[in-house]
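Let's walk through this model together, one question at a time. Each answer works its way to the value or name you asked for.

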Amino acid sequence: MPPSSTRSLSPVWHPYSHLKTQRQMPRVIGGEGPRFILESGETLLDATCSWWCMIHGYAHPRLVRAIQQQAGELCHVMLGGLTHEPADRLARELVRVTPEGLNHVFFSDSGSVGMEVAMKMAVQYHQLSGRPGKHRLLSLMKAYHGDTAGCMAVCDPEEGMHSLFAGYLPQHHFAPAPTAPFDAEPEAVTTDLAALRQMLERHHHEIAALLMEPLLQAAGGLNMTSPHYLLGARRLCDEFNVLLVFDEVATGFGRTGRLFAADHAGITPDIMVLSKGLTGGYLGHAATLATDQVHDAFIGDTPDHAFMHGPTFMGNPLACRVALESLAVFEEEDYLGKIAALNRVLREELVADEVLAAHPAVADVRTLGATAVIETHTAADLAGVADWAREQGVWLRPIGRWLYTMPAYITTETDLRRITEVMKGWFRRPGPRG
Ligand SMILES: *Cc1c(COP(=O)(O)O)cnc(C)c1O
């Protein structure tokens with residue numbers, strides 16, 4: 001018999017939580033702007049914008065209206081053998097805003113599935129091009145690409161939350177995570193690129209694609225790197241006939257300060273995956289974009305030329321319609337300007353704070369676009385921070401030893417200073433850690 005405290009909990013099985021020690025989850029009843037409201041009456045300023053997707057905040061009137069209007073017209077229809085205007089318009093808009101040359105869009109329902117689609121597409125591309133031996137992938141240490149089996153196999157094999165499943169997963173190759181920071185000089189990425197080259201020289205005959213979260217390895221510890229690394233990776237992939245897949249599920253739609261991380265380097269990956277911010281977080285959806293070169297390999301006469309993937313909810317009209325509205329708001333309301341303003345506050349309040357940098361628990365403080373992280377030496381340095389922040393009215397949820405914020409872009413400077421104040425306050429609070 002489970003302890004009564006466990007039995008009294010809701011049947012909802014929560015993610016990543018330890019069932020023996022989990023407590024009653026706070027119940028959210030609504031939200032507005034960067035805040036959500038709990039049943040208890042508490043209002044919390046969301047420093048994470050709900051796993052980085054609610055980029056416009058909660059209850060944005062234009063996004064809510066777009067869903068309501070679309071719901072009155074068409075909630076869902078299969079994309080197998082049929083099409084509809086929201087899917088067609090969104091595909092055109094994504095082709096317009098993404099790097100030049102990504103001309104084809106395959107929809108699916110989540111970031112993980114969008115990555116599964118990218119990986120299958122890469123393997124089948126080589127198969128159809130007469131290179132069936134290229135059926136493995138090259139990923140990076142510290143990578144996180146999702147929780148489905150195919151994605152788990154390309155997450156960091158030791159730290160990536162999935163080491164338990166090692167025996168169940170296909171085996172791929174891993175290169176070291178990049179170490180040069182965002183503002184590194186071109187020469188500073190030489191070592192990182194040499195490590196990539198070494199893996200490609202050794203294994204290129206069996207590698208279909210190199211996968212990466214460009215510039216910002218998010219869930220694996222907010223590891224940031226330089227656009228020069230992306231440029232070098234692009235050149236290496238061309239040299240070794242390996243597709244370059246950018247997982248922009250987290251970085252897409254402004255998180256790094258440009259619309260896409262690829263824009264910092266001015267390059268086009270062969271395949272790019274978008275999700276989280278795609279719908280402004282209002283509905284689950286994803287898009288896997290491909291170049292003509294990838295797409296055209298699927299034009300042919302054999303049954304093998306069809307791409308055998310088709311999630312039930314791909315191209316869902318509600319999701320497409322709210323994604324179109326999200327993109328319109330993003331462009332009309334100068335979100336890149338808002339993100340630049342948020343970055344100035346994050347630099348001033350966190351990166352430039354010498355007292356914070358000198359704190360014995362703090363290993364590093366860094367920022368990129370609308371993202372900032374205080375990295376500590378051990379996860380124990382952050383034990384209790386979420387509860388403590390909640391008492392100050394801020395929703396923070398550290399990942400391991402990384403205390404980070406990825407706020408909604410509509411967060412005001414005053415609210416962002418409140419978030420950074422609470423992040424810094426943890427290290428200044430009286431108590432055992434001083
Ligand atoms: C969140 C995330 C995913 C997985 O997306 P889901 O929608 O949770 O399946 C994949 N890649 C990256 C980089 C992510 O941050």
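In what follows, buried means under 20% relative accessible area, exposed means over 50%, and partly exposed covers what lies in between. Please keep in mind that this is a predicted model.

Q: Is Trp-51 buried, exposed or partly exposed, and what is its relative accessible area?
A: Buried would need a value under 20% and exposed a value over 50%. Trp-51, found in helix H2 (residues 49-52), falls in between, so it counts as partly exposed, with a relative accessible area of 42%.

Q: What is the phi of Trp-51?
A: Most residues other than glycine have a negative phi. Trp-51 is not a glycine, yet its phi is positive, at about 55°.

Q: Where does Phe-253 lie, and what is its phi near?
A: Phe-253 lies in the loop between strand E10 (243-247) and helix H9 (261-265). Its relative accessible area is 4%, so this residue is buried. Phe-253 is another residue other than glycine with a positive phi, near 60°.

Q: How many helices and strands does the protein chain have?
A: Happily, this is a quick one to look up in the model. The secondary structure of the protein chain comes to 15 helices and 16 strands.

Q: What is the radius of gyration of the protein chain, and what does the globule rule give for 434 residues?
A: The C-alpha trace spans about 70 × 55 × 55 Å along its principal axes. For 434 residues the globule rule gives 22 Å, and the chain comes close to that, so it is as compact as a globular protein of that length; its radius of gyration is 22 Å.

Q: What percentage of the contacts with a separation of 6 or more comes from residues 24 or more positions apart?
A: Let's begin with burial: buried residues make up 53% of the 434 residues in the chain. As for the contacts with a separation of 6 or more, the share from residues 24 or more positions apart is 72%.

Q: How much area does the protein chain expose, and what percentage of it do carbon and sulfur atoms supply?
A: The protein chain exposes about 19,200 Å². Of that area, carbon and sulfur atoms supply 55%.

Q: How far apart are the mean positions of the positive and negative charges?
A: The protein chain has 36 positive and 49 negative charges. Taking the mean position of each set, the two points are 5 Å apart.

Q: Which residues form a salt bridge with Glu-349?
A: Side chains of opposite charge can pair when their charged atoms come close. Glu-349 meets Arg-417 at 2.7 Å, N to O, a pair that links helix H12 (residues 335-351) with helix H15 (residues 413-428) across 68 residues. Glu-349 also meets a second partner at 3.1 Å, this one 75 residues apart from it and likewise in helix H15. The partners are Arg-417 and Lys-424.

Q: Are Glu-349, Lys-424 and Arg-417 buried or partly exposed?
A: Buried means under 20% relative accessible area. Glu-349 has 14%, so it counts as buried, and Lys-424 has 7%, so it is buried as well. Arg-417 has 27%, and so is partly exposed.

Q: Which residue forms a salt bridge with Glu-375?
A: The closest N and O atoms of this pair are 2.9 Å apart. Glu-375 sits in strand E14 (residues 371-376), and its partner, 26 residues apart from it, is in the loop between strand E15 (394-395) and strand E16 (402-405). Glu-375 is buried at 14%, whereas the partner is partly exposed at 26%. That partner is Arg-401.

Q: Which residues do salt bridges with shared partners join into one network?
A: A search of the whole structure finds 25 salt bridges. Those that share partners join Glu-348, Glu-349, Asp-353, Glu-413, Arg-417 and Lys-424.

Q: Which residues does Val-97 touch, not counting those up to four places away in sequence?
A: Val-97 is found in helix H4 (residues 85-97) and, at 10% relative accessibility, counts as buried. Its C-alpha atom is separated by 9.8 Å from that of Phe-253, 156 residues apart along the chain. Beyond its sequence neighbours, Val-97 touches Leu-259, Phe-260, Leu-327 and Glu-331.

Terms used: Residues numbered from 1 in each chain as written. Predicted model: local features only at pLDDT ≥ 70, side-chain atom pairs only at ≥ 80, totals over all residues. Heavy atoms only, no water. Helix = DSSP H or I, 4+ residues; strand = E, 2+ residues; numbered from the N terminus. Rg over C-alpha atoms; globule rule 2.2 N^0.38 Å. Buried < 20%, exposed > 50% of the residue type's maximum accessible area, 1.4 Å probe, protein only. Contact = heavy atoms within 4.5 Å. Areas by Shrake-Rupley, 256 points an atom, 1.4 Å probe, with all protein chains shown as cover. Lys, Arg positive; Asp, Glu negative; His and termini not counted. Charge placed at Lys NZ, Arg CZ, Asp CG, Glu CD. Salt bridge = Lys/Arg side-chain N within 4 Å of Asp/Glu carboxyl O.
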